[in-house]
Structure formats: structure tokens, C-alpha cells
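Visitor: I'm new here, and I'd like to know how the labels people put on a structure are earned. Could you walk me through a few?

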Amino acid sequence: MSASNEEYKSNKSRDWMIFGISTVAMVAILWFKPEWVWVVWPFQLTALAGAMGRL
């Protein structure tokens with residue numbers, strides 16, 4: 001399905017782990033510095049899309 005020269009390699013367990021860690025980080029940032037929550041969103045949403053097989 002994917003060519004061997006693609007940059008993204010599917011690894012759902014890694015993506016779920018990154019999603020979980022970034023969710024914890026997002027909650028911590030919301031607690032301490034809510035104005036910086038947008039910094040975590042790219043990691044969280046990209047990992048979620050990868051874990052769900054949408055990348």
C-alpha cells in the first residue's frame with residue numbers, strides 16, 4: 001500500500017503512546033499555563049490520526 005520511500009511508517013502502538021503522553025501533557029499545561037495549550041495540539045492530533053490509521 002505504501003511506497004518504501006515514504007517518510008511516515010505506520011506504527012499504531014507508538015502513535016497511541018504519543019497520543020497518551022501528549023494528552024497528559026495537555027492536561028498539565030491546561031492546569032499550569034492554559035495559554036500554551038495550543039503547543040501540544042499538533043503532536044496530539046497527528047498521533048491520534050496515525051493511531052486511527054488516517055495518515
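Guide: Here come some questions about this predicted model, each settled by setting a value against a cut-off.

Visitor: Let's start with the overall picture. What makes up the secondary structure of the protein?

Guide: Two helices and zero strands. Helix α1 covers residues 12-32, and helix α2 covers residues 41-51.

Visitor: Take D15, then. Why is D15 called buried?

Guide: Buried means under 20% relative accessible area. D15 has 4%, so the label fits. Buried residues make up 16% of the 55 residues in the protein.

Visitor: Which residues does D15 touch, leaving out those up to four places away in sequence?

Guide: Y8, A47, G50 and A51. D15 itself sits in helix α1.

Visitor: How do you know that R14 forms a salt bridge with D15?

Guide: In general, side chains of opposite charge can pair when their charged atoms come close. The cut-off is a side-chain nitrogen of Lys or Arg within 4 Å of a carboxyl oxygen of Asp or Glu. For R14 and D15 the closest N and O atoms are 3.4 Å apart, so the pair qualifies. A search of the whole structure finds one salt bridge.

Visitor: What makes the link between the side chains of D15 and R14 a polar contact as well?

Guide: The distance there is 3.4 Å, and a polar contact needs N or O atoms within 3.5 Å. The two are neighbours in sequence, but the contact runs from side chain to side chain, so it still counts.

Visitor: Is R14 buried, partly exposed or exposed, and what makes it so?

Guide: Partly exposed: R14 has 29% relative accessibility, which lies between the 20% and 50% limits.

Visitor: And what about I18 in helix α1? Which residues does it touch beyond four places away in sequence?

Guide: F43 and A47. I18 and A47 are 29 residues apart in sequence, yet 6.1 Å apart in space, C-alpha to C-alpha. I18 counts as partly exposed, because its 33% also falls between those limits.

Visitor: On to the rings. How many aromatic pairs does a search of the whole structure find?

Guide: Two. One joins W16 and F19, with ring centres 5.9 Å apart and planes at 80 degrees.

Visitor: Why is the pair of W16 and F19 called edge-to-face?

Guide: Centres within 6.5 Å make a pair, and planes over 60 degrees apart make it edge-to-face. At 5.9 Å and 80 degrees, W16 and F19 pass both tests, so the name follows. These residues are three apart in helix α1, which means about one helical turn separates them.

Visitor: What makes the pair of W36 and W38 stacked?

Guide: The ring centres of W36 and W38 are 5.8 Å apart and the planes are at 25 degrees. Stacked means under 30 degrees, so that is the right word here.

Visitor: Which residues make the nonpolar surface patch of about 550 Å²?

Guide: W36, W38, V39, W41 and L45. Patch members need over 30% relative accessible area; W36 has 47%, so W36 clears that bar.

Visitor: Last one: why is L45 called exposed?

Guide: The cut-off for exposed is over 50%. L45, in helix α2, has a relative accessible area of 52%, so L45 is exposed.

Technical notes
Residues numbered from 1 in each chain as written. Predicted model: local features only at pLDDT ≥ 70, side-chain atom pairs only at ≥ 80, totals over all residues. Heavy atoms only, no water. Buried < 20%, exposed > 50% of the residue type's maximum accessible area, 1.4 Å probe, protein only. Polar contact = N/O pair within 3.5 Å; in protein donor to acceptor, adjacent residues only side chain to side chain. Contact = heavy atoms within 4.5 Å. Patch = residues over 30% accessible without salt bridge, like charges linked within 9 Å, V, L, I, M, F, W, Y side chains within 5 Å. Areas by Shrake-Rupley, 256 points an atom, 1.4 Å probe, with all protein chains shown as cover. Phe/Tyr/Trp six-rings, centres within 6.5 Å; stacked < 30°, edge-to-face > 60°.
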